[in-house]
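Student: I would like to go through this structure step by step, and I would be glad if you could reason each answer out with me.

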Amino acid sequence: MERPVTEADLTFEHVPETDQSFENALAKARNGDRLTVDDAIELLTTGTDSEGIVRRRKERVLEAADRRRAEEVGEEVTFIANLNNNVTTACNVGCLFCNFKDAAHTFERETEIETAGFTKTPAESREIVADAVERGIYEVTSVSGLHPAFALDDDHRELLETHPNPKEINYKPPEAYETSPGTYTDQIAAMSVDDVHVHSMTPEEVYHARRGTDWDYEEVYSRLKDAGLDTVPGTAAEILVEEVREVICPGKISTDGWLEAMEAAASVGFDMTATIMYGHVENEAHRAMHLQRVRDLQDRTGAITEFVPLSFIHQNTPLFEHDVVAGGASTDEDELMIAVSRLFLDNIEHIQSSWVKYGDEHGLKLLNCGADDYMGTILSEEITKRAGGGYGEFRSFADYVEMITSIGRVPVERSTDYETRRVIDPDEPPFGPQLGPNADGTPLLTREERETRASRSAK
Ligand code: SF4
């Protein structure tokens with residue numbers, strides 16, 4: 001940690017206080033009226049007139065959200081056959097909620113320190129994606145650390161090489177490192193195997209991909225589109241309120257920068273997701289303000305296909321290790337976050353429950369609190385695992401069918417944009433993906449492969 005977080009840092013201007021009442025806010029939510037930030041605060045806190053969560057009130061909020069979910073998207077629960085391919089863990093940004101990163105100097109040729117991280121070349125990324133596509137996946141999600149040698153493309157590399165102060169812009173040439181990640185466009189092109197859908201380049205990565213230039217975000221996203229990028233993950237949002245970002249990720253893209261990059265992605269024609277990472281130092285006022293910023297963004301762009309609440313995984317993070325937080329969100333807070341997202345974001349159709357963050361049991365419960373999407377098969381996951389998450393790295397189609405039918409809902413395989421769907425008949429095993437170029441219904445992994453992975457994950 002660069003500078004210890006002090007009490008003063010955690011004394012926020014925005015606090016959960018309103019002139020609204022819980023009952024009024026709930027009545028508005030039930031009527032389908034557009035909610036205000038104050039309404040959202042009342043629902044997230046189950047009323048600012050009482051301390052802590054009031055269980056009976058919470059159940060009423062969850063019920064309203066579950067009913068709204070049923071009205072808007074019905075009984076289907078969607079999921080996707082996808083692969084996570086993180087290119088590199090090298091990063092110098094130093095976000096305090098993150099244990100994915102490894103200090104970039106540990107990757108250098110000259111260092112004595114053996115890095116605990118990894119960097120993949122474009123050829124290595126291609127091989128990993130090609131293997132997964134062969135098995136039947138049709139979406140690759142890729143989010144990476146901001147490796148100092150990463151450039152957008154050859155033009156960008158040229159500008160970075162001649163920059164008068166490379167350190168100031170977090171640049172070091174590829175030769176300084178044991179393994180070079182290449183350029184972003186090379187990586188995107190390499191991962192575009194057989195028309196697989198490439199979901200990558202968060203606002204933070206695009207910020208890195210234009211450092212040291214006066215290029216706007218449209219320019220950068222256009223070049224990435226030409227390289228094969230299909231959609232954009234709206235991660236790196238964390239909490240879109242500056243006083244929180246200053247504590248948990250002072251080196252990261254600002255709220256305005258994040259919104260600007262997302263608008264640019266939409267203007268270039270990308271569909272995108274949006275996220276919130278909650279349960280650390282922020283309070284319910286910040287969560288509500290975040291929801292409003294996302295809803296406003298969607299009013300302007302209409303390009304957000306789903307909203308993904310991400311509960312903070314605290315175990316191995318600097319925030320927890322330095323006693324800034326005592327843990328993450330409670331299960332009550334998770335349920336209310338999902339529910340209020342459904343009720344507040346009246347312009348975003350899908351709300352995701354993430355088994356990586358919540359586990360199976362709690363993840364399923366959240367599908368009854370307003371969520372309707374249960375993410376994807378993933379195949380490999382590093383970000384949450386490194387932060388201390390313990391829910392594994394893979395769910396098979398058979399797992400999905402069993403879990404979703406166990407709560408009386410309908411399992412549906414979907415494409416990234418939700419446009420193509422296939423309802424799965426639980427009486428017709430075996431279950432495997434069918435929507436991808438090589439998806440013929442065969443399960444993604446054989447039983448032996450699954451067992452090997454499970455024992456590796458347990459270790
Ligand atoms: S969250 Fe991303 S930008 Fe921040 S330290 Fe981790 S890898 Fe780097």
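Student: How do the residues of the lining of the largest pocket divide into nonpolar, polar and charged?
Tutor: Before we begin, please keep in mind that this is a predicted model. The largest pocket has a volume of about 860 Å³, and its lining is made up of 33 residues. Sorted by class, the residues of that lining come to 14 nonpolar, 7 polar and 12 charged.

Student: Which elements give two or more residues to the lining of the largest pocket?
Tutor: The residues that lie nearest the centre of the largest pocket are Asn 92, Val 93, Gly 94, Pro 250 and Gly 251. When we turn to the elements that give two or more residues to the lining, we arrive at α7 (203-208) and α9 (242-248).

Student: How many nonpolar, polar and charged residues does the shell around the ligand have?
Tutor: We can start from the residues around the ligand, which are Cys 91, Val 93, Gly 94, Cys 95, Phe 97, Cys 98, Phe 100, Lys 101, Gly 145 and Lys 252. In this classification Gly counts as polar and Lys as charged, while Cys, Val and Phe count as nonpolar. Going through the shell in this way gives 6 nonpolar, 2 polar and 2 charged residues.

Student: Which helix gives the largest share of the largest nonpolar core?
Tutor: In soluble globular proteins, nonpolar side chains tend to be buried together. Here the largest nonpolar core has 126 residues, and the members that touch the most other members are Leu 43, Tyr 221, Leu 224 and Trp 258. The largest share of this core, 8 residues, is supplied by helix α10 (residues 255-268).

Student: Which residues does Leu 43 touch, not counting residues up to four places away in sequence?
Tutor: Leu 43 is one of the members of the largest nonpolar core that touch the most other members. If we set aside residues up to four places away in sequence, the residues that Leu 43 touches are Phe 22, Ala 25, Leu 26, Ala 29, Leu 35, Val 61, Leu 336, Val 340 and Leu 343.

Student: Is Ser 125 buried or exposed?
Tutor: Ser 125 has its place in helix α4 (residues 122-135), and, leaving aside neighbours within four places in sequence, Ser 125 is in contact with Asn 85, Val 87, Lys 120, Gln 187 and Met 191. Buried means under 20% relative accessible area. Because the relative accessible area of Ser 125 is 0%, this residue is buried.

Student: How does Arg 60 count at 26% relative accessibility?
Tutor: Arg 60 belongs to helix α3 (residues 55-73), and, not counting residues up to four places away in sequence, Arg 60 touches Phe 22, Glu 23, Leu 26 and Arg 30. A residue is buried under 20%, exposed over 50%, and partly exposed in between. Because Arg 60 has 26% relative accessibility, this residue counts as partly exposed.

Student: Is Met 201 buried or exposed?
Tutor: Met 201 is found in the loop between β4 (197-200) and α7, and its phi is near 70°, a positive value in a residue other than glycine. Because its relative accessibility is 1%, Met 201 counts as buried.

Student: And is Asp 323 buried or exposed?
Tutor: Asp 323 lies in the loop between α12 (318-321) and α13 (331-344), and phi of Asp 323 is near 60°, again a positive value in a residue other than glycine. Because its relative accessibility is 68%, Asp 323 counts as exposed.

Student: Is Phe 312 buried or exposed?
Tutor: Phe 312 is found in the loop between β7 (304-311) and α12. Leaving aside neighbours within four places in sequence, its contacts include Phe 97, Met 277, Tyr 278 and His 280. Because its relative accessibility is 4%, Phe 312 counts as buried.

Student: Is the peptide bond from Pro 429 to Pro 430 cis or trans?
Tutor: Pro 430 has its place in the loop between β11 (421-423) and α17 (447-458). For the peptide bond from Pro 429 to Pro 430, omega is near 0°, and the bond is cis.

Definitions and conventions. Residues numbered from 1 in each chain as written. Predicted model: local features only at pLDDT ≥ 70, side-chain atom pairs only at ≥ 80, totals over all residues. Heavy atoms only, no water. 1 Å grid on protein atoms, 1.4 Å probe; cavity = no way out; pocket = protein on both sides within 12 Å on 5 of 7 lines; lining within 4 Å. Points joined across faces, edges and corners; volume = space filled by probe spheres on them. Helix = DSSP H or I, 4+ residues; strand = E, 2+ residues; numbered from the N terminus. Near = heavy atom within 4 Å. Core = buried A, V, L, I, M, F, W, Y, C linked by side-chain atoms within 4.5 Å. Buried < 20%, exposed > 50% of the residue type's maximum accessible area, 1.4 Å probe, protein only. Contact = heavy atoms within 4.5 Å.
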